[in-house]
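Trainee: I am new to this structure and would like a close look at one part of it. Could you take me through the aromatic rings, and then show me what else is worth a look?

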Amino acid sequence: MTNLEPDLRTETVPGFDGADLAVHRMGSGRPVLLLHGLFSDANTNWVRFGHARQLAEAGFEAIMPDLRAHGQSAKPHDPGAYPVDVLVRDLFALVEAIGLEDYDLVGFSLGSRTAARGVIAGLKPRRLVLSGMGLEGLAGWNRRAAFFLDAIDRFDSVKHGDSAFFAVSFMKTQKVDRLAARLLLQSVGDTTPDELAKIAMPTLVLCGANDRDNGSPEKLVEALPNATLAEIPGTHMSSVTEKALGEELVRFLSA
């Protein structure tokens, strides 16, 4: 990550199997663990558009890993490095390695899926934010994954106007390791609606007003025991560029 932020610190912690995970930190204070979206990284989701800075200035420490197969983290090509729910396994390993006990948890898109499944598996953050996510993105992930697997398979032939064009363009911009990404996509477990009842802490469902890529945020709020909805401007891709995203994170986590 190009360090344009003088107080941005980067370290490496072991994933569940010892694979290197890059973790970027900014600020000091109450820890907030932020998980980025598919094909993205901590810089793209949280640093570049000022969200980490907003959190740091509000008295939080933004802790931002690059997920396995993303950013500066390991991108193994061994299928054995991608068991079911590998990102959740890495999340548990990261929480333990950093020594997090009293913290908040934030995800965007794939990061939201990972955060939600982490809580279902036993993580206990004080507050949870699921951004860029609707009910179908959690409870119908296999259909969403199939779209991205198809985009990877047709990577070199996708043209403008194809439904996969923007996904392929983003992969090119991010210089995604397609083999690692494919293995990762096949490892992500689906979530059943009844499992969502285990997410009992105060939860903010945060979504772009024109973002329904992962289904209905309203239905997700209804399915969670203690959730509220906030909308910000933008689509799935553009909402992460909005200052309002960081403002809503600060508002909810400061309550």
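Mentor: Happy to, and we will begin with the aromatic rings and then move on to the charges over rings and the cavities. Please keep in mind that this is a predicted model.

Searching the whole structure turns up three aromatic pairs. In one of them, F39 and F148 meet edge-to-face, with 5.6 Å from centre to centre and 85 degrees between the planes. This pair links distant parts of the chain, since its two members are 109 residues apart: F39 belongs to the loop between β3 (30-35) and α1 (42-47), while F148 belongs to helix α6 (residues 141-153). How buried or exposed are these two rings? F39 has a relative accessibility of 3%, so it counts as buried. F148 has a relative accessible area of 10%, and because buried means under 20%, F148 is buried too.

Now look at F147. F147 and F148 form an edge-to-face pair as well, with 5.2 Å between the centres and 80 degrees between the planes. F147 has a relative accessibility of 27%, so it counts as partly exposed. Put together, F39, F147 and F148 make up one aromatic cluster.

Stay with F39 for a moment, because its backbone deserves a glance too. The phi angle of F39 is near 70 degrees, which is a positive value in a residue other than glycine. Another residue to view in this way is K175, which is not a glycine either and has a positive phi of about 55 degrees. You will find K175 in the loop between α7 (165-174) and α8 (178-187). With a relative accessibility of 70%, K175 counts as exposed.

Rings can also have a charge over them. The charged end of R178 sits over the ring of F155, 3.8 Å from the ring's centre. Elsewhere, R89 lies over the face of F16, at 5.7 Å from the ring centre.

Next, turn to the empty space inside. Rolling a probe the size of a water molecule over the atoms shows where empty space is left. Counting those of 30 Å³ or more gives two cavities. The largest cavity holds about 80 Å³ of space. Its lining is made of L21, L35, P65, D66, L67, R68, L87, D90, L91 and L94. Helix α3 (residues 86-98) contributes the most to this lining, with four residues. By class, the lining of the largest cavity has seven nonpolar residues, three charged ones and no polar ones.

The second largest cavity has a volume of about 40 Å³. Around it you will find D85, V86, L87, V88, R113, T114, R117, S187 and V188. Helices α3 and α4 (110-120) each supply at least two residues of that lining. The lining of the second largest cavity divides into four nonpolar, two polar and three charged residues. As you compare the two lists, notice that L87 lines the largest cavity and also lines the second largest one.

Finally, here is what the record adds. An unreviewed UniProt entry carries the annotation "domain: AB hydrolase-1" for residues 31-116. Over residues 31-116 the chain is 38% helix and 19% strand, with the end C-alpha atoms 18 Å apart. For a good place to return to in the viewer, try the cluster of F39, F147 and F148.

Methods:
Residues numbered from 1 in each chain as written. Predicted model: local features only at pLDDT ≥ 70, side-chain atom pairs only at ≥ 80, totals over all residues. Heavy atoms only, no water. Phe/Tyr/Trp six-rings, centres within 6.5 Å; stacked < 30°, edge-to-face > 60°. Buried < 20%, exposed > 50% of the residue type's maximum accessible area, 1.4 Å probe, protein only. Lys NZ or Arg CZ within 6 Å of the ring centre and 35° of its normal. UniProt positions renumbered as here; feature names shortened; annotations may be inferred. 1 Å grid on protein atoms, 1.4 Å probe; cavity = no way out; pocket = protein on both sides within 12 Å on 5 of 7 lines; lining within 4 Å. Points joined across faces, edges and corners; volume = space filled by probe spheres on them. Nonpolar A, V, L, I, M, F, W, Y, C, P; charged D, E, K, R; others polar.
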